[in-house]
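With the model open in your viewer, please follow the stops below in order, making each selection before reading on.

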Amino acid sequence: MTVANMATGCVGDTTQSMTPTAPRQAGAMIDTIKWGASIAQIGGYAATGFGFTTWALPFFAVGLLGWLAVGMAWRDRAIVLIHLVAMVAMLTGLATRG
């Protein structure tokens, strides 16, 4: 990526087109995954808040995997990192549970 491309937020050959790397250009499928994952995570928070801890983990797992996929599709390292850390924390918690 050239300095000019980094300044404009564009990738590829800028002489042909100016294609922004903005996540909103990702498409309907990514939007569906993003919203589904968000709803699943809200379900996990609600399940935890109301004491349904058995239901919380599956909701959180679906949300976590969905957002991990979105982060990878967007090539957003911050989203990928936070969800990888959350996944490791969840798996560690499961492994150490009596």
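Begin by selecting Gln41, which has its place in helix 2, and bear in mind throughout that this is a predicted model. Is Gln41 buried or exposed? With a relative accessible area of 16%, Gln41 counts as buried, because the cut-off for that class is under 20%. Now show what surrounds Gln41: when its neighbours within four places in sequence are left aside, its contacts are Phe59, Phe60, Gly63, Leu64, Trp67 and His83.

Keep Trp67 selected and add Ile30, Ala37, Val70, Trp74 and Ile79, since together these six residues make up the largest nonpolar core. Which elements give two or more residues to this core? They are helix 2, spanning 28–49, and helix 3, and of the elements involved helix 3 gives the most, with three residues. As background to this stop, nonpolar side chains in soluble globular proteins tend to be buried together.

Stay with helix 2 and select Asp31 and Lys34, whose side chains meet in a salt bridge with an N to O distance of 3.4 Å. The structure holds one salt bridge, so there is no second pair to look for under the criterion of a Lys or Arg side-chain nitrogen within 4 Å of a carboxyl oxygen of Asp or Glu. Why are the two residues separated by about one helical turn? Lys34 and Asp31 are three residues apart in helix 2, which accounts for that separation. Asp31 is partly exposed, because its relative accessible area is 28%.

Move next to helix 3, which covers residues 53–74, and select Trp55 within it. In contrast to the buried Gln41, Trp55 counts as exposed, because its relative accessibility is 55%. Add Phe50, Phe52 and Phe59 to the selection, and a surface display will show the nonpolar patch of about 520 Å² that these residues make with Trp55. Phe59 was also one of the residues in contact with Gln41 at the opening stop.

Finally, clear the selection and view the whole protein chain, which has four helices and zero strands, its elements running α-α-α-α from the N terminus on. Of its 98 residues, 23% count as buried. The accessible surface of the chain comes to about 7,100 Å², and 69% of that surface belongs to carbon and sulfur atoms. Among contacts with a separation of 6 or more, 33% are accounted for by residues 24 or more positions apart.

How values were computed. Residues are numbered from 1 along each chain as its sequence is written. This is a predicted model: local features need pLDDT of at least 70, side-chain atom pairs count only at pLDDT 80 or more; totals for chains, interfaces and linings use all residues. Side-chain values use heavy atoms; hydrogens and water are left out. Patches are made of residues with over 30% relative accessible area and no salt bridge: like charges are joined within 9 Å, nonpolar side chains (Val, Leu, Ile, Met, Phe, Trp, Tyr) within 5 Å. Accessible areas come from the Shrake-Rupley method with a 1.4 Å probe; for residues, only the protein chains shown count as cover. Buried means under 20% relative accessible area, exposed over 50%, partly exposed in between (1.4 Å probe, protein chains only). Contact means heavy atoms within 4.5 Å. A nonpolar core is a set of buried Ala, Val, Leu, Ile, Met, Phe, Trp, Tyr and Cys residues joined through side-chain atoms within 4.5 Å.
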